[in-house]
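Welcome! Let us take a friendly walk through this model, starting with its strands and then turning to the ligand.

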Amino acid sequence: MQEFDVAIIGGGIVGVAHAYAAARRGKRVVIFERDGRATGASVRNFGMIWPIGLAANLLPMGLRSRDLWRSVLDDAGLPHLDTGSLHLVYREDEETVVQQFVTTSDGYGARWLPAAAVLAMSPAANPEGLRGALWSENEITVDPRLVTGELPGYLTEKFDVTCRFSEPVRSVSGGLVTTARGSVRAAQVIICSGHDFESLYPEVFAREPLRRCKLQMMRTAPQPEGWQLGPALAAGLTLRFYPAFRGCASLAALERRIEEETPEYNRWGIHVMAAQTSMGEITIGDSHEYDLTLMPFDKPEIDELILKYFLGFARLPKPEIVQRWHGVYATHPDKHFLVVDPEPGVRIASVTGGKGMTLSFGFAEKMIGELGL
Ligand SMILES: Cc1cc2nc3c(=O)[nH]c(=O)nc-3n(C[C@H](O)[C@H](O)[C@H](O)COP(=O)(O)OP(=O)(O)OC[C@H]3O[C@@H](n4cnc5c(N)ncnc54)[C@H](O)[C@@H]3O)c2cc1C
């Protein structure tokens, strides 16, 4: 029987980041992934490494994670866009929130940029009615499909990590990880199964008030050669979505106005962001529908609302949408992470909410340190 120091279950970004953190410390690591390649939240997202959205208490982990992302990608020869982010501002109440955030929030390093400076930085920003933007240089964009596809091979080549894909794990018990092809022994098992709450230790997941969140996403064809989006873009709706802005007292007025003017955006949990991939496409999203069991059918109405709002703040040379999909992640009403040790030598380690790409490497480093590996 093969023996490993660490067995990771789940080949999404959280599993990959745990494998990296353990392998860097010289551990013999195996990753089990149910599919032939990861097809979950980690390939369906924007690829935004987005410290500006994090609650203040998660910011240090987010910045550390961003630095780890950079060094992994550089070492693996994979691209990332070091462009920072802009929250474009068109309304007075949005400007009030942004100004309050800039003056009261420590550590984010964000500042107010007047419209002319924004337009010099972003060829996509719609100049009509633009008042300015919240600028932050901390955000980077990775290509989620590329990095999730390539990083397992990099881990094998660089650290001799064993990747066993197309191999669902059926059970974990007493240091044995069992699949249809037999068992391996591992001193420490780490379960990074994303929003799969039913396969392993279902009783642990069932004790938590977990739900799933479904997000609709779109992508354009590649933009013309040489045209760059510049900073990843968000706008007023996003200010009411991320915890970073919740400390701003002025947010309540903005939320009231959005509910009065455009309740449909609240109904589907829509806020709108855009990022560029390494192939020049623009990824645009998203919406948020919450339930434990989510229907697989997408709603054209949601896509239309997202695009209408997007085209209010951004202009692209080629705005035609060529791909649509949805993604799902795990959510918890009051925990940023689900960390449970259901038996000795086994840890469930999951990032809940829409921040797993951002926090993956920082979170994994913390977990591996905590486990004394
Ligand atoms: C549309 C969308 C947009 C998002 N945008 C961003 C963003 O821009 N920035 C950001 O920070 N976060 C973003 N997120 C959140 C982020 O994508 C997730 O938090 C993150 O990808 C979770 O990674 P994961 O590895 O836990 O889950 P997953 O990627 O879902 O991976 C879990 C893996 O475990 C495998 N698995 C489960 N059970 C077993 C088993 N028994 N045996 C073997 N394998 C198993 C599954 O097959 C799956 O591949 C977004 C999410 C979505 C859906």
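Two strands count as paired here if DSSP finds at least two bridges between them. Strands (E, at least two residues) and helices (H or I, at least four) are DSSP runs, numbered from the N terminus. The model is a predicted one: local features need pLDDT of at least 70 and side-chain atom pairs count only at pLDDT 80 or more, while totals for chains, interfaces and linings use all residues. Residues are numbered from 1 along each chain as its sequence is written.

**The partners of β13**

Strand β13 covers residues 211-220. Its pairings look like this:

| Partner of β13 | Sense | Bridges | Residues opposite each other |
|---|---|---|---|
| β18 | antiparallel | 10 bridges | T220 and I321 |
| β17 (289-291) | antiparallel | three bridges | C213 and Y290 |
| β16 (282-285) | antiparallel | three bridges | M218 and I284 |

**Around the ligand**

How many residues surround the ligand? There are 44, and the closest are G12, G40, G194, G327 and G356. Elements giving two or more residues to this shell include β13, β18 (321-331) and the helix α12 (356-370). A residue is near the ligand if its C-beta atom, placed from the backbone, lies within 6 Å of it.

By class, the shell holds 19 nonpolar, 18 polar and seven charged residues. Here Ala, Val, Leu, Ile, Met, Phe, Trp, Tyr, Cys and Pro are nonpolar, Asp, Glu, Lys and Arg are charged, and the others, Gly among them, are polar.

Domain 1 (3-46 + 145-208 + 334-370) and domain 2 (85-136 + 211-331) each give the shell at least three residues; the domain bounds come from an automatic or database domain assignment.
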